[in-house]
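Here are my notes on the model you sent over. I've kept them as numbered points so you can go through them with the viewer open.

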Amino acid sequence: MRYLPLAEIREGMLLARNIYGNDGRVLLVKGAKLTKTYLQKLKEMNYTHLYVGEKEEDLEFKGPISDQTYSEAIAAVREVLLRAAKDQNLGLKTVLDVVDFMVDEVVEEDVLFNIIDLKNHNNYTYLHSVNVSIISTIMGKVLGLNRNKLKELAAGALLHDIGKVFIENTILEKTEDLSYQEYEKMMFHSKYGFDLLREIPELSLLSAHVAYQHHEREDGSGYPRALNADEIHLYAKITMVADSYDAMTSGRSYRRVLWSHEAIEELISDSPKKYDPKVVTALTQSVALYPVGSVVLLNNLEVAIVNDVSTKRIRIQLLTGEKKGEIIELFADSLIKIERRLS
Ligand SMILES: [Fe+2]
C-alpha cells in the first residue's frame, strides 16, 4: 500500500482507505478501482494524497480501529453536531455506543495510531473529532486508565469541540489570523461545549470538562480560565495533546502539514510549558513515528515503504536493492533500522 500524491496515481489502482463525503458518509469505499472520473472528482474535493494499492493483497493492513467502527463514529459525531447546531436534544446514545466499541477495540488489541488521514476541508471536523478520540483513548491506555475511565475520556475527546457549533462560520473558516475580537468569540467554544454537555445525564461530568479545559495550558497561558497544571484534569491534558498532534499532522492549520515525528518533536519542545511531559511521553508510545505509507531510508541505504505498524514491529517492503519487493519485519532489536522518512 502506498500513500501517493494524486498526480502519481494511475487509473486502475485500488483505493486502500475509505473516502468520506461532506456528510460524513463513505463516499468511495476501500477497494474501489480508481477511474478517471473518480480521480477528477477527488481532485476537485481538494484531496492531495490517497492511500492506494495495485492489487487486493496490498490493501491489507490494520488501522487503529476497524473501518466499520470508524465509519460509525464519524456518522455519530456528525449527527450530534447537527443536532446541537439545531438546538435539538442531543440523544447521545449512538455516540456512547460507538465509544464502547472504540474503547473495546483499543483495549483488546495491540493498537497504535498508524495512519495519515485522508481529510479535506468539508469532512475535517468529523474526522478530526474521531481521530482525537482514538488517539486519546490509546494514550489513556498507555497511562493505565481502566475501561470506564477510557470511556469517559473517549466521549469527552469525541465531543471536545462541540461548542464550535455556536461560533460563526466566518470565524471558524477563516484561514488568516483571527482579529482579537474574533479570537475572543472563538474562545467561548470551550464554555459553550461544557454548558451543553454538563446537562446530559448519561454523560460523565468529567467528559464535559474535557470540552471546558482542552485549550488550557500547563503554565496557565490557556483559556478560558487560565488554569494551572494541577488544576487541569488528566482527560483534558490528554485530549489537548491528541488535538494538537492531529491538527499538526493533517494540515488544517495555515502552515505546512507536519510529519508524525516532526509533530512529536514540536510537542516535546512545548512541554512542560504547554503540555504535561508524561502525557506527551504517552503520545510518543501511542502514535507511529512512521505511519503506514511512509517511504523511509534504512541504515543499509536501501529505501522501503512502511506497510503496517504495531507497537511491537514495523512491516516494510523494500523499494530498492537486490531484494526489491521483499517484505520484512523490523523489531526493536533488528539490525536493519529506519534512518529517516523520505516522503
Ligand atoms: Fe477546541
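**Notes on the model**

1. Strands first, with the usual reminder that this is a predicted model. Towards the C-terminal end, β7 (residues 303-309) and β8 (residues 313-318) run antiparallel and are joined by five bridges. V306 stands opposite I316 in β8, which is a handy pair for finding the register on screen. The two strands make a hairpin, with three residues between them.

2. Strand β8 has a second partner. Five bridges join β8 to β9 (residues 327-331), again in the antiparallel sense. To check the alignment here, look for I314, which faces L330 in β9.

3. Now for β5 (residues 49-53). Four of its five residues are buried, so the strand is largely enclosed by the rest of the structure. Strand β1 (residues 2-5) pairs with β5 antiparallel over four bridges, and L4 has L50 as its bridge partner there. Strand β2 (residues 14-15) also runs antiparallel to β5, through two bridges, with L14 opposite G53.

4. On to the rings: how many aromatic pairs does the structure hold? There are six. Take Y20 and Y70: their ring centres are 5.9 Å apart and the planes meet at 55°, so this pair is tilted, falling between the under-30 stacked range and the over-60 edge-to-face range. Y20 sits in strand β3 (residues 19-20) and Y70 in helix α2 (residues 67-85), so the pair ties together parts that are 50 residues apart in sequence.

5. Are Y20 and Y70 buried or exposed? Y20 has a relative accessible area of 3%, so it is buried. Y70 is buried too, at 2% relative accessibility. Y70 also has a charged neighbour: the charged end of R17 sits over its ring, 5.2 Å from the centre.

6. F188 and Y192 form a stacked aromatic pair, 5.7 Å centre to centre with 25° between the planes. Both lie in helix α7 (residues 180-197), four residues apart, or about one turn of the helix. F188 counts as partly exposed because its relative accessibility is 45%, and Y192, at 32%, counts as partly exposed as well. F166 joins F188 and Y192 in one aromatic cluster.

7. Which residues touch the most other members of the largest nonpolar core? That core has 90 residues, and the ones in question are L92, M139, L197, V241, Y245 and L283. If you want one to centre the view on, try V241. Setting aside neighbours within four places in sequence, V241 is in contact with M139, L267, Y275, V279, V280 and L283. Another core lies apart from the largest one and has 15 residues, including L6, L15, L34 and L42.

8. Last, the domains. The domain assignment of the chain gives domain 1 (2-59), domain 2 (67-284) and domain 3 (295-341). The C-alpha centres of domain 1 and domain 3 are 25 Å apart.

Conventions
Residues numbered from 1 in each chain as written. Predicted model: local features only at pLDDT ≥ 70, side-chain atom pairs only at ≥ 80, totals over all residues. Heavy atoms only, no water. Pairing = 2+ DSSP bridges. Phe/Tyr/Trp six-rings, centres within 6.5 Å; stacked < 30°, edge-to-face > 60°. Buried < 20%, exposed > 50% of the residue type's maximum accessible area, 1.4 Å probe, protein only. Lys NZ or Arg CZ within 6 Å of the ring centre and 35° of its normal. Domains from an automatic or database assignment. Core = buried A, V, L, I, M, F, W, Y, C linked by side-chain atoms within 4.5 Å. Contact = heavy atoms within 4.5 Å.
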